[in-house]
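Subject: Structure handover

Hi,

Here is the structure for you to look over. My notes follow below it.

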Amino acid sequence: MGFQEFWDRWWRFIFIVFTPFLLAFVFFIEEPNNNCSETDPVTGACIGKTNLAAYIYILLWMGTYWVTNCIDMTATSLMPIILMPIFGVLGAKDVAPNYM
């Protein structure tokens, strides 16, 4: 099996599996300091501050799936409903009304 045959058979699987891992570098980007008035005593994270790195990660992940079309676009467009609450960017009640 040559490279072209391998790629034609496995490209979707490669993009679906490896994209989340290859984009993980986003979490190492430092966010600007936003003079937070209240911090979590355990983690030191700013309370009420959006998780910018997670938002960018989801955006790049969706963008890669959208451009390569490795999964159907309807499934790609529903990713924020699942991923934003998991990563703590927005709650499900805040994301779901955008799909009505």
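A residue is called buried under 20% relative accessible area, exposed over 50%, and partly exposed in between (1.4 Å probe, protein chains only). By that cut-off, 19% of the chain's 100 residues are buried.

Two points on the source. This is a predicted model, so local features need pLDDT of at least 70 and side-chain atom pairs pLDDT 80 or more, while totals for chains, interfaces and linings use all residues. Numbering runs from 1 along each chain as its sequence is written, and side-chain values use heavy atoms, with hydrogens and water left out.

Overall layout. The chain has 5 helices and 0 strands. Helices (H or I, at least four residues) and strands (E, at least two) are DSSP runs, numbered from the N terminus. The order of elements is α-α-α-α-α. Contact means heavy atoms within 4.5 Å. Of the contacts between residues at least 6 apart in sequence, 50% link residues at least 24 apart. About 7400 Å² of the chain is exposed, and carbon and sulfur atoms supply 65% of that. Areas come from the Shrake-Rupley method with a 1.4 Å probe; for residues, only the protein chains shown count as cover.

Helix α1. It covers residues 3-22. Its end C-alpha atoms span only 21 Å, against 28 Å for a straight helix of 20 residues at 1.5 Å a residue. The expected span is 1.5 Å times one less than the number of residues. There is a bend of about 60 degrees at Trp-10. That bend is the angle between axes fitted to the seven residues ending there and the seven starting there. Thr-19 also sits in α1. Thr-19 is buried, at 6% relative accessible area. Beyond four places in sequence, Thr-19 touches Ile-14, Trp-61, Thr-64 and Tyr-65.

Helix α2 and the patch. Tyr-55 lies in α2, residues 52-68, and is partly exposed at 39%. Leu-60 is in α2 too, partly exposed at 34%. Outside its four-place neighbourhood, Leu-60 contacts Leu-23 and Val-26. The C-alpha atoms of Leu-60 and Val-26 are 9.3 Å apart, with their positions 34 residues apart along the chain.

Tyr-55 and Leu-60 belong to a nonpolar surface patch of about 790 Å², along with Phe-25, Phe-28, Ile-29, Leu-52, Ile-56 and Leu-59. Patch residues have over 30% relative accessible area and no salt bridge; like charges are joined within 9 Å, nonpolar side chains (Val, Leu, Ile, Met, Phe, Trp, Tyr) within 5 Å. A salt bridge puts a side-chain nitrogen of Lys or Arg within 4 Å of a carboxyl oxygen of Asp or Glu.

Best regards
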